[in-house]
Amino acid sequence: MPARPRPARAPARAAVWAELTGDPGDAVVLPGAEELLGTAVGLGWRVVVATNAGPGTPPLPDELGRHVDAVAESRAYGIVKDDPRFWARLVEQERVDPAAALVVGDDHEADQRAPEAAGLQTQPVGRGGRTTAELAARLRDAGPRPEDAAALVAGRREWWAGRDVVSAPHLAHLVVRVTRARVRLTAGPAGANAMVVRRQDRPPGVIAAAGPLPDVAWLHLPRDRRPYQAPADLRALLDREGLSLDVLSASDRRHALAMIREARVTETVTERMADLVLFLKDHAKGARR
């Protein structure tokens with residue numbers, strides 16, 4: 001049986017190529033976008049554009065491009081924005097400080113879910129989120145980054161456990177060994193006490209100690225002082241056992257004391273102090289070997 005001739009594919013390929021390489025037209029600039037980028041740059045921010053754009057996409061308009069420090073393209077990374085690995089690569093490639101970064105966009109998957117899975121905070125704009133002009137105003141309220149600021153708090157808001165919470169995946173390192181960490185938030189001259197709390201099956205959250213949370217604020221860590229001193233009953237127990245906390249590193253000491261301090265039931269406090277004594281005894285045995 002004679003083979004059927006294959007349909008000519010050249011015209012179809014030519015049509016696709018023409019579509020990809022033809023005049024892309026002009027990009028649409030969202031209202032307030034230039035104000036947002038200009039405000040950020042004026043306050044000392046670096047602006048990195050993350051895009052899935054390929055051939056046939058209009059170039060970035062000059063009024064926005066002049067504020068942009070770098071462009072991270074999915075075709076260059078070989079990974080789309082919807083994949084958390086894209087954002088991890090961007091952080092490494094562009095030397096971004098995750099603690100002080102904010103992903104702004106209008107796509108739930110590419111601009112929220114994926115970057116949050118990579119440990120970045122996000123702020124949706126449009127589609128029910130803030131407008132770019134509103135976000136620009138909040139950046140101005142917060143001002144430039146203070147020298148002693150450890151992080152930025154500007155992520156999306158959600159209702160959790162009856163509280164207004166800022167989702168903060170970039171602050172997971174503060175609650176690895178404790179369930180909550182006290183912090184100070186500042187936005188310009190205004191300040192408020194807050195806590196970073198660990199949450200099951202969700203990124204950490206920031207909650208205000210009292211009153212509302214600022215929309216954009218800089219986070220400051222407390223100085224290490226009396227909160228990390230051993231309570232009197234623990235000191236007495238260690239003296240009786242001939243043990244000392246000095247053998248622990250500063251971080252291990254803070255972790256051990258925080259676990260005891262956070263216990264709300266007397267039996268739990270006693271158990272945790274006993275566990276610490278056993279750990280110190282084992283540590284001492286290992287040191288003598």
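User: Which way do strand 8 and strand 11 pair, and over how many bridges?
Analyst: Strand 8 covers residues 180-187 and strand 11 covers residues 217-220. They pair in the antiparallel sense, over 3 bridges. Keep in mind that this is a predicted model.

User: Which residue is the bridge partner of Thr 186?
Analyst: Trp 218, in strand 11.

User: What sheet do these strands belong to, and what is the strand order?
Analyst: It is an open sheet of 7 strands. The order is 5-11-8-9-10-7-6, with antiparallel pairing.

User: Which strands sit at the edges?
Analyst: Strand 5 (151-153) and strand 6 (157-160). Each of these edge strands pairs on one side only.

User: How much are neighbouring strands turned against each other?
Analyst: By 40° on average, with direction ignored.

User: Let's stay with strand 6. How many bridges join it to strand 7?
Analyst: There are 4 bridges, and the two strands run antiparallel. Strand 7 spans residues 163-167. One pair to look at is Trp 160 with its bridge partner in strand 7, Arg 163.

User: What lies between the strands in that hairpin?
Analyst: The hairpin of strand 6 and strand 7 has 2 residues between the strands. Ala 161 takes a positive phi there, near 50°.

User: Where is Glu 158, and is it buried or exposed?
Analyst: Glu 158 is in strand 6. Its relative accessibility is 16%, so it counts as buried. The cut-off for buried is under 20%.

User: Which side chains make polar contacts with the side chain of Glu 158?
Analyst: The side chain of Arg 156 does, at 2.9 Å. The side chain of Arg 199 does too, at 2.7 Å.

User: What does Glu 158 touch beyond residues up to four places away in sequence?
Analyst: Glu 158 touches Arg 163, Asp 164, Val 165 and Ser 167. Arg 199 and Arg 202 are also on that list.

User: New topic. Where is Glu 94?
Analyst: Glu 94 lies in a loop. The loop runs between helix 5 (84-93) and strand 3 (103-105).

User: Why does Glu 94 count as buried?
Analyst: Because its relative accessibility is 17%, and buried means under 20%.

User: How far apart are Glu 94 and Val 48?
Analyst: In sequence, they are 46 residues apart. In space, the C-alpha to C-alpha distance is 8.2 Å. Glu 94 touches Val 48, and also Arg 46, Ala 70 and Tyr 77.

User: What about the largest nonpolar core?
Analyst: That core has 21 residues. Trp 45, Leu 139, Leu 152, Val 216 and Trp 218 touch the most other members. Trp 218 came up before, as the bridge partner of Thr 186.

User: Which helices each supply at least two residues of this core?
Analyst: Helix 2 (33-42) and helix 7 (132-142).

User: What lies apart from that core?
Analyst: Another core, of 20 residues. Val 153, Leu 185, Ala 208 and Ala 217 are among them.

User: Now the whole chain. How many helices and strands does it have?
Analyst: It has 10 helices and 11 strands. The chain has 289 residues, and buried ones make up 38%.

User: How much accessible surface does the chain have?
Analyst: About 17400 Å². Carbon and sulfur atoms account for 53% of it.

User: Last one. What share of contacts join residues at least 24 apart?
Analyst: The share is 61%, among contacts between residues at least 6 apart in sequence.

Note on methods:
Residues numbered from 1 in each chain as written. Predicted model: local features only at pLDDT ≥ 70, side-chain atom pairs only at ≥ 80, totals over all residues. Heavy atoms only, no water. Core = buried A, V, L, I, M, F, W, Y, C linked by side-chain atoms within 4.5 Å. Buried < 20%, exposed > 50% of the residue type's maximum accessible area, 1.4 Å probe, protein only. Pairing = 2+ DSSP bridges. Axes fitted to C-alpha atoms, helices over the stretch in contact; angles between N-to-C directions. Polar contact = N/O pair within 3.5 Å; in protein donor to acceptor, adjacent residues only side chain to side chain. Contact = heavy atoms within 4.5 Å. Areas by Shrake-Rupley, 256 points an atom, 1.4 Å probe, with all protein chains shown as cover.
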